[in-house]
Amino acid sequence: MKSQLIILDFGSQYTQLIARAVRELGVYCQILPGTASYQRVMASQPRALILSGGPASVRSAAAPRVAPEIVHSGLPIFAICYGMQLMAQELGGEVAGWGRDASRTGSGETAHTDGDIREFGPAEVEVLEPAGPFGCFRRGEKLKVWMSHGDKVVELPPGFSSTACSAGSPIAAFANLQAKIFGVQFHPEVHHTPRGKEILASFLFQTADLEKDWDPASFIHETVDGIKAKVPSGNVVCGLSGGVDSTVAAVLVHRAIGDRLHCIFVDNGLLRLNEAEEVMDNFHMFGLNVHKVDAADRFLRELEGVTDPETKRKIIGRVFIEVFEDEAKRISDVQYLVQGTLYPDVIESVSVVGGSATIKSHHNVGGLIEDMKLGLIEPLRELFKDEVRLIGRELGIAPKFIERQPFPGPGLAVRCLGEITAERLRVLRIADRIVMDEVRAAGLETVLWQAFAVLLPVRSVGVMGDGRTFDECVAIRAVTSRDGMTADWYLFDETVLRRISTRIVNETAGVNRVVLDISTKPPSTIEWE
Ligand code: XMP
């Protein structure tokens, strides 16, 4: 799709939030690296630009910079935090570090780092000039905002005026109305800036005069037409996991090419209680053409004696590809593979701090593309997770299914610490079902990002009836999260905890102790392996 708006990313942790906010306002947009060339940025003929924040300092020689032709392109520009400082520097203003002026620290929290003082957290700005993106406010109006920066603009570029001030800075926002260039030192994209969406909306619709072009129905229509044109004949394969992404991707492709889409569902024996049957029923309800492969024994055999988490993940990834490939080879004239890749997986960001370490290897079917010489269809490549849910709903997929909590590709294997055996999986399945039943009964299924049980290979002494037991332990993990990148543990009501713990010990032979995981991510991950 053509983007009316391009967001140039300078490595801010909030860049995706800007894109989501813009799309929620009904405008399709894409994120490009902040250092992208003028030609690349102009390729989709955008009508406005947003510059994100970022962790670097514009005063450093190594800081990522925006191409000057972009700044002078005449397009309306809204620049946030680091983006505002870049614009100031590029257009002849001056940026200084907070260390230079330590007495004026704003109303936000302050933290000392190497002699610099940074403004971080909630703050208040006063609107000086209700124009441009601030057109929705009154002069003198006070706004609660979220600040997160070390540098600030101390001298306006020629032609600019200050449009808001904070206790920490007389230039908390600036504007050049004629050039349609605006900067804000705070972050309108985060929910801690309650009226941030209004500011973005004023920029999109009043200043830049963009049109609403983004809604689930038009996305489905365009995507289905695109797939029809791409695959006029031949067959397509898709690996279904039972999760939301692969299901929505498959339903979209099925709308375009019907039963020429062959879905392959590998039952790896690591699914939850009755899950294989339930997801198959669902697939049939959507009318999908599904080949189910029962590979539980093979996975269990390959995992025998393995306790190292990374080795487990690698084995599961490899066996999955082998099983999938065997099945796909039975289908004639296969030309494409469908993948449920989402937008966050494809955004190229400016790498300011270098690549990230592999914490866990996630498996996918990427190896197949080379082996079988398949093309790729990634119908969700432009979407964020919450948009996939909207599309799913629009496609008529039941809310119960759409709202499902994420479940990892390697399944219960990463929750069954120590050796994976059929017996230990049986115990874990019952404990997991009890946790989910009680979470649902408490109305918490959609409040929590995930809730599940983990079986620990730790034996402890207990007493049941009159006898001594020496059994394993179950940990309960329940977290809230926006995107799985960070998470907080959830404090259940005492009654819920008591029910879960009593039921697990009573209903699962082999467990005599239940503990609660009260770790945030970071430092802990959500899954235990
Ligand atoms: P962690 O454990 O890294 O998990 O904090 C973050 C989110 O990702 C899910 N997860 C996976 N999803 N394949 C997946 O599709 C995987 O291998 C995998 N490992 C973890 C996890 O459930 C959580 O929501």
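Reader: Does aspartate 151 count as buried or exposed, and at what relative accessibility?

Author: A residue counts as buried when its relative accessible area is under 20%. In this predicted model, aspartate 151 has 7% relative accessibility and therefore counts as buried. The residue belongs to strand S9, which covers residues 151-155.

Reader: Which side chains make polar contacts with aspartate 151?

Author: The side chain of serine 57 is joined to that of aspartate 151 by a polar contact of 2.6 Å. A second polar contact, of 3.0 Å, links the side chains of aspartate 151 and arginine 59.

Reader: How should the order of strands in the open sheet be read?

Author: The order lists neighbours across the sheet. Here five strands with parallel pairing follow the order S15-S14-S13-S16-S17. Strand S15 (290-294) and strand S17 (375-377) each have a single partner strand, so one side of each lacks a neighbour in the sheet. From one strand to the next, the twist averages 30°.

Reader: How many bridges pair S16 with S17?

Author: Strand S16, residues 334-338, pairs with S17 in the parallel sense over three bridges. Within this pairing, leucine 337 has leucine 376 of S17 as its bridge partner.

Reader: Which strands does helix H10 touch?

Author: Helix H10 (residues 309-328) packs on the sheet and touches S13, S14, S15 and S16. Its direction makes about 140° with that of S14. Helix H7 (residues 244-257) lies across S13, S14, S16 and S17, and runs at about 160° to S13.

Reader: Which residues of helix H13 are buried?

Author: The general idea concerns the helical repeat. An α-helix has 3.6 residues a turn, so residues three or four places apart point the same way. In helix H13 (residues 385-394), the buried residues are Glu387, Val388, Arg389, Ile391 and Gly392. These buried residues pack against helix H1 (15-24), helix H6 (216-230), H7 and helix H14 (399-402). Just after H13, glycine 396 adopts a positive phi of about 90°.

Reader: Which residues come nearest to the ligand?

Author: Among the 14 residues around the ligand, the nearest are Arg313, Lys360, Lys521, Ile526 and Glu527. It is useful to separate side-chain from backbone atoms. A side-chain N or O atom of arginine 313 is 2.8 Å from an oxygen atom of the ligand, and the side chain of glutamine 450 likewise places an N or O atom 2.8 Å from a ligand oxygen atom. For isoleucine 526, a backbone N or O atom lies 2.7 Å from an oxygen atom of the ligand.

Reader: How much of the ligand's accessible area does the protein cover?

Author: On its own the ligand has 490 Å² of accessible area, and the protein covers 83% of it.

Note on methods:
Residues numbered from 1 in each chain as written. Predicted model: local features only at pLDDT ≥ 70, side-chain atom pairs only at ≥ 80, totals over all residues. Heavy atoms only, no water. Pairing = 2+ DSSP bridges. Helix = DSSP H or I, 4+ residues; strand = E, 2+ residues; numbered from the N terminus. Axes fitted to C-alpha atoms, helices over the stretch in contact; angles between N-to-C directions. Contact = heavy atoms within 4.5 Å. Buried < 20%, exposed > 50% of the residue type's maximum accessible area, 1.4 Å probe, protein only. Near = heavy atom within 4 Å. Polar contact = N/O pair within 3.5 Å; in protein donor to acceptor, adjacent residues only side chain to side chain. Areas by Shrake-Rupley, 256 points an atom, 1.4 Å probe, with all protein chains shown as cover.
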